[in-house]
Structures are given as structure tokens and as C-alpha cells.
Amino acid sequence: MPFANVNAIRLHYQLEGDASLPVLVLSNSLGTSLSMWDPQMPQWLQHFRVLRYDTRGHGQSEVTPGECSIAQLGSDVIALLDHLGIAQAHFCGLSMGGSTFMWLAVHHPQRVNKLILCNTGAKIGTAEAWNSRIETVRREGLGAIAGAVVSRWLTPEYAQAHPQQVQALTAMLLATPAEGYAAACAAVRDHDLREAIAGIRAPTLVIAGSGDVPTPPADAQFMRATIPGAQYVEFDAAHISNQQQAAAFIQAVVQFLTGQP
């Protein structure tokens with residue numbers, strides 16, 4: 001499995017597809033790994049060369065001591081792109097991944113072709129809620145919050161009808177190192193780009209889930225209104241919309257990035 005020593009960290013990544021195709025970079029949500037994008041990969045590889053990576057402290061990427069910031073997570077991506085010789089790409093990030101790519105579009109606009117922000121917000125949650133979660137995870141581990149967290153990833157009706165998918169997502173969360181998860185919670189807690197995103201110039205698609213509790217449609221609609229020219233699509237889904245509405249998600253991304261109907 002490929003690893004890159006970049007930005008003072010060891011990152012796990014996968015780069016797949018025809019080298020002649022445009023590069024699409026994917027970033028995972030809090031508490032998941034690059035495998036959260038598995039439902040999209042077969043179809044997307046027909047159109048793009050796809051780069052996935054595990055955010056620091058997640059999956060097989062290194063856990064670093066202490067808290068981290070969205071700026072660090074964005075800098076990790078820039079360092080990985082430099083390592084792989086990728087000058088510019090499309091970017092699609094969900095939740096924390098969306099926060100990361102939002103920062104990247106503000107601070108490294110020359111690297112961004114088109115931008116897709118999924119189930120995310122320019123500011124997510126409150127400091128009090130994030131601090132409480134950090135304390136619980138550090139004290140009791142991810143098992144203490146797994147049920148509550150995963151219950152927000154899929155709508156209740158969908159989760160009841162797809163128990164194996166719930167089990168797989170729960171296993172992905174529980175495989176995340178507790179310290180890596182807590183550090184990333186701090187990054188999301190401190191992330192606030194509500195003013196800065198007005199400066200994003202990359203063509204942007206905002207994806208929301210009608211049943212998303214952590215980042216509700218109102219957060220997505222704020223981004224759509226604030227980012228010049230942003231497009232918007234809303235699915236019948238909760239927080240991890242690419243898992244619940246896999247086919248619609250594939251179609252929306254391909255259509256936006258390629259212009260194909």
C-alpha cells in the first residue's frame with residue numbers, strides 16, 4: 001500500500017486510474033477512512049484519475065500528538081499533491097473533508113479546478129459540543145460515542161433496511177485511533193471560514209442531505225449563497241450522503257465535473 005512521508009507525517013493514499021484523465025482528489029469525513037468512497041470508485045474511474053487518502057490520525061495514516069487544525073489537514077493535501085507531481089485537480093470532500101478543501105480553495109486557489117463540498121459547513125457545531133466529544137473519546141474511547149455518531153450518518157429508515165452497511169460504517173469508525181479522532185474534532189471545532197469562502201473562485205457544487213443533522217441543509221444553503229456562482233443539490237440522505245445515495249451522488253459529481261448530462 002502506498003505511503004508518503006510529507007508535511008512531517010506519514011500519509012496513506014491510493015492513486016488509481018488512467019494517468020491521462022483529470023485528477024479527482026477525495027477527502028474522508030471525521031471517523032472514516034478512504035474506503036468510505038468505495039461505492040463511487042468503479043464509475044468515477046471511468047472519468048477520472050482518483051486520489052484518495054486517509055486524513056492524518058485516520059485509517060492507516062500516522063497519528064500525531066496533540067490537536068491539529070484544518071490548515072494542517074489542507075497543508076497535508078498540498079504536500080501530497082507536490083509529492084505526486086499533481087499541479088491541479090478537482091476536489092471533493094465530505095464533512096471534515098469538505099472543510100479541508102474549503103480551506104484549500106481559499107488559500108491555494110491555483111491548485112483547484114472544480115470544488116465539491118458535501119455535507120459540510122463553513123462552521124460546524126459549537127465549541128462546547130466538540131469539547132464534550134473530545135473529552136468523552138479521550139476518557140472512554142470511540143465505543144462510547146459510536147452508536148450516536150453512526151445514527152447520524154444514515155437516516156433511520158435507511159439504516160433499518162441496510163444493517164450490514166451500518167455494521168461496516170461502525171467498524172470503520174471504531175478502527176479510527178481515538179487520539180487521531182480527538183485531534184480532528186479539535187480541527188473542526190476551530191474551523192470558521194464563513195467570511196473567507198466569499199473569496200472562492202473555483203466553480204463549486206454544494207451537496208446537502210435533507211436529513212443531515214450535523215451539517216443541515218441551512219449550512220449548505222449558506223455556502224451556496226456565499227460562494228460566487230455555487231450550484232446546489234440536496235439528496236434524501238443523512239450525513240454520509242455518498243453512502244446512502246450512492247448512485248445519485250455519482251451522477252451529480254460526474255455531471256458537474258464533466259458537463260455531461
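These are my notebook entries on a predicted model, going from its core to its cysteines, its empty spaces and a few single residues.

**Entry 1: the core**

I started with the largest nonpolar core, which holds 88 residues. I wanted to know which members touch the most others, and the list came out as V25, W44, F91, L115, I116, Y181 and F249. Then I asked which element puts in the largest share of this core. That is helix α8, residues 178-190, with eight residues.

I picked V25 from that list for a closer look. Leaving out residues up to four places away in sequence, V25 touches L51, Y53, L81, A89, H90, F91, C92 and F101. F91 turns up here as a contact of V25, and F91 is also on the list of core members that touch the most others. Two other contacts of V25 went on my list for later: L81 and C92.

**Entry 2: helix α2**

L81 took me to α2, where it is one of the buried residues. I checked the length of this helix first. α2 covers residues 70-84, and its 15 residues should span 21 Å at 1.5 Å a residue. The C-alpha atoms at its ends are 21 Å apart, so the expected span and the model agree.

Next, which residues of α2 are buried? I noted I70, L73, G74, D76, V77, I78, A79, L80 and L81. For reading such a list, I kept in mind that an α-helix has 3.6 residues a turn, so residues three or four places apart point the same way. Just after α2 comes G85, with a positive phi of about 70°.

**Entry 3: D76 and N7**

D76 caught my eye as an acidic residue in α2. Is D76 buried or exposed? D76 counts as buried because its relative accessibility is 2%, and the cut-off is under 20%. Setting aside residues up to four places away in sequence, D76 touches V6, N7, I9, L11 and R56. I also looked at T100, 24 residues away from D76 along the chain; their C-alpha atoms are 9.7 Å apart.

N7, one of the contacts of D76, sits in the loop between β1 (3-6) and β2 (9-16). N7 is not a glycine, yet it has a positive phi of about 55°. At a relative accessible area of 36%, N7 is partly exposed.

**Entry 4: the cysteines**

C92, the contact of V25 from my first entry, made me ask how many disulfides there are. The count is zero. The closest cysteine sulfur to that of C92 belongs to C118, 3.7 Å away. A disulfide would need the sulfurs within 2.5 Å, so this pair is too far apart for a bond. Seen from the other side, C118 is in no disulfide either, and its nearest cysteine sulfur is that of C92. C92 is buried, at 0% relative accessibility. C118 is buried as well, also at 0%.

Right after C118, I stopped at N119, in the loop between β6 (112-118) and α4. N119 has a positive phi of about 45° although it is not a glycine. Its relative accessible area is 1%, so N119 is buried.

**Entry 5: pocket and cavity**

How much space lies in the largest pocket? I wrote down about 310 Å³. Its lining has 17 residues, and I124, W130, R133, R152 and P214 are the closest to its centre. Helices α4 (127-140) and α8 each supply at least two residues of this lining. α4 gives the most, with three.

I then looked for closed cavities of 30 Å³ or more and found one. The largest cavity has a volume of about 40 Å³. Which residues line it? R56, G57, E62, V63, T64, C68, G180 and A183 do. R56 was familiar from my D76 entry, as one of the contacts of D76.

**Entry 6: A220**

My last stop was A220, in helix α9, residues 217-226. A220 is buried, with a relative accessible area of 2%. Apart from neighbours within four places in sequence, A220 is in contact with V206, A208 and Y232. The C-alpha atom of E234, 14 residues away from A220 along the chain, is 9.0 Å from that of A220.

Methods. Residues are numbered from 1 along each chain as its sequence is written. This is a predicted model: local features need pLDDT of at least 70, side-chain atom pairs count only at pLDDT 80 or more; totals for chains, interfaces and linings use all residues. Side-chain values use heavy atoms; hydrogens and water are left out. A nonpolar core is a set of buried Ala, Val, Leu, Ile, Met, Phe, Trp, Tyr and Cys residues joined through side-chain atoms within 4.5 Å. Buried means under 20% relative accessible area, exposed over 50%, partly exposed in between (1.4 Å probe, protein chains only). Helices (H or I, at least four residues) and strands (E, at least two) are DSSP runs, numbered from the N terminus. Contact means heavy atoms within 4.5 Å. The expected span of a helix is 1.5 Å times one less than its number of residues. On a 1 Å grid over the protein atoms alone, a cavity is a set of points where a 1.4 Å probe fits but cannot get out, and a pocket is an open set with protein on both sides within 12 Å along at least five of seven lines; lining residues have an atom within 4 Å of a point. Grid points are joined across faces, edges and corners, and a volume is the space filled by probe spheres set on the points.
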